[in-house]
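Me: Let's walk through this one question by question. Here's the model first.

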Amino acid sequence: MATIKTMNNISKKGLGLFGPFYQVSDSIENPDAILVRSAQVDTDNFDGLLAVARAGAGVNNITIDKASAKGICVFNTPGANANAVAELVMTVLGMAVRNADKAAAWVKGLDVNDPDLAKTVESGKKKFAGMELAGKTLGVVGLGKIGVLVANYARWKNMRVIAYEPYPNANNMHELSNKVEIADLDTVIANSDFLTVHVPFIKGVTENLLNRKNLAQFKGSYIMNFARGGIVEMDPVNEMLASGSLQGYLCDFPTAELIKNDKVTCFPHLGASTEEAEENCAVMAVEELKDYIEYGCVRNS
Ligand code: MLT
């Protein structure tokens, strides 16, 4: 009987697919395989480990080099949570340009006993006037499953989309709406009103992909990072926010410094946190492990 260790609030919905021939528990000491969401996994801590499946796209919580050295297969679930992330990105951008979260919080903070309440409410119209997405240019950095969905959603909102893909052979470009312009990174940065990154974090490769040098060309108002911290160099972003040349930074990776900055809207790594995405990821991860253990079949590793 194969043993699978589950770690870190993995959705239980897919686990039934293992059927009766697997022992699945979070307390197995030296499992054949691990099923994990965001917990750190040091593959050296397990004897006889064959595989790790990450219920998500990024695998930076797993010691990939150590796993490779020992022939341990590491799987991820590309695309299984892409829609959840893409929907959040477009929602957050839409709210930012309309000052929607700020305006709603302002209304909630009003004095309901104010005799001039209606007049005060009305003053919010001017105070929180925003802009529209239609006709603006969205720069998409990375055309994997998430980037493609974001690009297509933006097109459906009548935005112009200009995109850069660092690995053109391993992408989903055939799924793109035909009106997305493909360009090099500098051109994308220089021509966008809003920039959004959707590449994995790879140390020394996509680390600081948006950096002081290329961000100097950005003339737009919002930068979004719902991929991973570390892909956007923060010192120049903080300086741009402080000088007012950048209106806001929207991200899914809060740090103490980001939380304190009023021009930063950050979320608790919420991109993939929908019922649907959690179930999709869990099912895909379970199927990958089963196929590997039962048939030696490797996909998404
Ligand atoms: C991902 O890499 O797909 C996300 O980080 C998933 C998650 O939030 O668990």
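**Sheet, domains, ligand**

Me: How many bridges link strand S10 (residues 222–225) to strand S11 (residues 248–251)?

Reply: S10 and S11 run in the parallel sense. Strands here are DSSP E runs of at least two residues, helices are H or I runs of at least four, and both are numbered from the N terminus. Two strands pair once DSSP finds at least two bridges between them, and for S10 and S11 the number of bridges is four.

Me: Worth flagging: residues are numbered from 1 along each chain as its sequence is written. The model is predicted, so to speak of local features pLDDT has to be at least 70, side-chain atom pairs count only at pLDDT 80 or more, and totals for chains, interfaces and linings use all residues. Now, which strands stand at the edges of the sheet?

Reply: The sheet is open, has seven strands with parallel pairing, and runs in the order S8-S7-S6-S9-S10-S11-S12. An edge strand has a single partner, so one side of it is left without a neighbour in the sheet. That applies to strand S8 (180–182) and strand S12 (264–266).

Me: What angle does helix H2 (residues 82–97) make with S10?

Reply: H2 lies across strand S9 (194–197), S10, S11 and S12. Axes are lines fitted to C-alpha atoms, for helices over the stretch in contact, with angles from 0 to 180 degrees between N-to-C directions. For H2 and S10 the result is about 155 degrees.

Me: How far apart are the centres of domain 1 and domain 2?

Reply: Domain 1 covers 2–80 + 275–295 and domain 2 covers 82–266, with bounds from an automatic or database domain assignment. Seven residues of domain 1 are in contact (C-beta atoms, placed from the backbone, within 7 Å) with six residues of domain 2. Taken over C-alpha atoms, the centres are separated by 32 Å.

Me: Is Ile-34 buried or exposed?

Reply: Ile-34 lies in strand S3 (residues 33–36) and touches Lys-5, Met-7, Val-41, Leu-49 and Val-52, not counting residues up to four places away in sequence. With C-beta atoms placed from the backbone, 20 or more others within 10 Å means buried, 12 or fewer exposed, and in between partly exposed. Ile-34 has 26, so it's buried.

Me: Which residues are around the ligand?

Reply: The criterion is a C-beta atom, placed from the backbone, within 6 Å of the molecule. That gives Arg-37, Ser-38, Gly-56, Ala-57, Gly-58, Asn-81, His-269, Gly-271 and Ala-272.

Note on methods
Contact = placed C-beta atoms within 7 Å.
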